[in-house]
Amino acid sequence: YAAVFVTGLRPILILVGSKRFARVHPVRMDARLPVWARDSAEALVTPWRPITAVARFHSDACAHGLVALTQAGTLVIGALATPASAKARGGVNYDAAWPTRTLPVGTLHRGVAALGGVVFHKPSGSWVVASATTDKFFIKEPNRDVAARQAREDTGTGDDLVLVHAHLRRDVRTTSVPPLQPRAHVDLLSPVTWETVDSYQLEHNEHVAMMRTLSLESAQSVGGRRDFVCVGTAFVLGEDVATRGAVYVFDVVDVVPLPGRPQTNRRLKLLCREELPGTISALGELRGNLVMSVDSKVYVRSLQRAEQLVSVAFLNCQSWVRSLVGFNGLLLVADIASGLWLAAFQEEGPTRVQVLGRDATSSLPVDHADFLVLGRRMQLLAADSLGALHLFSYAPYDAHSAGGQRLLRRGGFNLRSPVNAVSRLVAAAGTEPRHVCLVATASGAVHAVSMLPEKTFKRLHRITTRLVHSTVPLAGLNPREYRSVPSHRRQYQAPRPT
């Protein structure tokens, strides 16, 4: 790379790589100011260390690095991460809008066809991925009587009432050149060498539909909860065969590593597996319980000490559940055809899941949903299948909400790209709790959505209005109309409270 370092309050590094295009990357350092300046105003207005001077530096400990002098008088010596041009495993490519790191999916499989999911297991610091290799596809025995007779031959029992599901029947080999299909695996990657240290192979015709890391109640942990890797699958055999699914609960345990390979000190441990009559389309956590959706039904399961899932409660939805998010006893359900549902989990007395409210028309195609929290206030964020964000609120004392049965729409924002994932993070800054939702779209953009205090909102709204009216838009385009949700996709919108 050809580089130019620009010093100042917000230092930047301009790199030009093989694409012959200038890439601007900010150089950010921790704001660890001296002791005499930590309580001053400088510690509040300077989130990053200003750099006043920079020069080249090369030694055995730091090859082809930089030496920088900060405004606080601290000398910093460092170097960039290993570039991708060095052909190192996990090298960083700086010739892009963001520095990117491309990692091969483990080292165990060959001919990887697709990825079904990537999750991070925080207690062990490991990554769990759902990979897929190629496998031959054969149709199953269509005759139930023949399948029952074959099952009796395999088990050696004389029971005539044998019901064999389609995915457990024998293959019917009708051709010597069968088509290929993905064969799913759940792989555990080492965060040091990024190689596969353990793998769990799923059954034939079983595909990973959902995979998440959830904090569930466990008697084995001191705090009462433990992070587990939950995987939801589906058996796909064709259009004429009813689809079934299964849910897996894995734990990452410490083991004795292999000689000369210290990175193999962890393994995947299967705690329980439950097969259900439908696809596991969404997974979530509610009060330490596992929440799963099977087609249009939502089940709440508790992980018992005997490492089995016990039914706690259920909820009947209408169409197809795409997202399940739990927060302090509240459950947010996103349906692909029936809109947004807000339910509450009742633990005292008979445990049940009760619906508190739904959106106005119940026809919003919601793919992802999550909560927005600021202090004691909460909003509901919903992303539809066409790339628009909608904000709802649960206001049971508002006359327009029909006693809370109707979720009130507070606004919308058009992203112009389908939403792939929504993840909620807890912001550490500030005196009151604040949650930020990261929204990832198919265009490669990542949006941050959070609630703001009333004073901050009014100031930003005034600045936005001033910029829209004073700045000449490119090609006469309308910036507000570009981000507004089309009228035919807007739901009932309640008036703003006075």
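**Close-up views of a predicted model**

**View 1. Thr279 lies in a loop between two strands**. The loop runs between strand S18 (266–276) and strand S19 (280–286). The model shown here is predicted. Is Thr279 buried or exposed? Thr279 counts as buried, because its relative accessibility is 13% and buried means under 20%. Which residues touch Thr279, leaving aside its neighbours within four places in sequence? They are Ala209, Thr233, Ala234, Thr243, Ser293, Val294, Asp295 and Trp320. His207 makes a useful landmark for this view. Thr279 and His207 are 72 residues apart in sequence. In space, their C-alpha atoms are 9.8 Å apart.

**View 2. Val355 sits in strand S26**. This strand covers residues 352–359. Val355 counts as partly exposed, because its relative accessibility is 33%. Residues up to four places away in sequence are not counted among its contacts here. Beyond them, Val355 touches Leu315, Trp341, Leu342 and Ala343. Leu331 is 24 residues from Val355 along the chain. The C-alpha atoms of Leu331 and Val355 are separated by 9.0 Å.

**View 3. Positive charge gathers in a surface patch**. Which residues make up this patch? They are Lys455, Lys458, Arg459 and Arg462. Lys458 has its place in helix H3, which spans residues 454–470. Lys458 is partly exposed, because its relative accessible area is 46% and the partly exposed class lies between 20% and 50%.

**View 4. Nonpolar side chains form another surface patch**. Its members are Leu452, Phe457, Leu460, Ile463 and Leu467. Together they have about 430 Å² of accessible area. Phe457 has its place in helix H3, and so does Lys458 of the positive patch. Phe457 is partly exposed, with a relative accessible area of 35%.

**View 5. The whole protein sets these close-ups in context.** How many helices and strands does the protein have? There are four helices and 33 strands. The protein has 498 residues, and 39% of them count as buried. Thr279 is one of the residues that count as buried. The accessible surface comes to about 28300 Å². Carbon and sulfur atoms account for 55% of that surface. Now take the contacts between residues at least 6 apart in sequence. Among these, 49% join residues at least 24 apart.

Technical notes. Residues numbered from 1 in each chain as written. Predicted model: local features only at pLDDT ≥ 70, side-chain atom pairs only at ≥ 80, totals over all residues. Heavy atoms only, no water. Patch = residues over 30% accessible without salt bridge, like charges linked within 9 Å, V, L, I, M, F, W, Y side chains within 5 Å. Areas by Shrake-Rupley, 256 points an atom, 1.4 Å probe, with all protein chains shown as cover. Salt bridge = Lys/Arg side-chain N within 4 Å of Asp/Glu carboxyl O. Lys, Arg positive; Asp, Glu negative; His and termini not counted. Charge placed at Lys NZ, Arg CZ, Asp CG, Glu CD. Buried < 20%, exposed > 50% of the residue type's maximum accessible area, 1.4 Å probe, protein only. Contact = heavy atoms within 4.5 Å.
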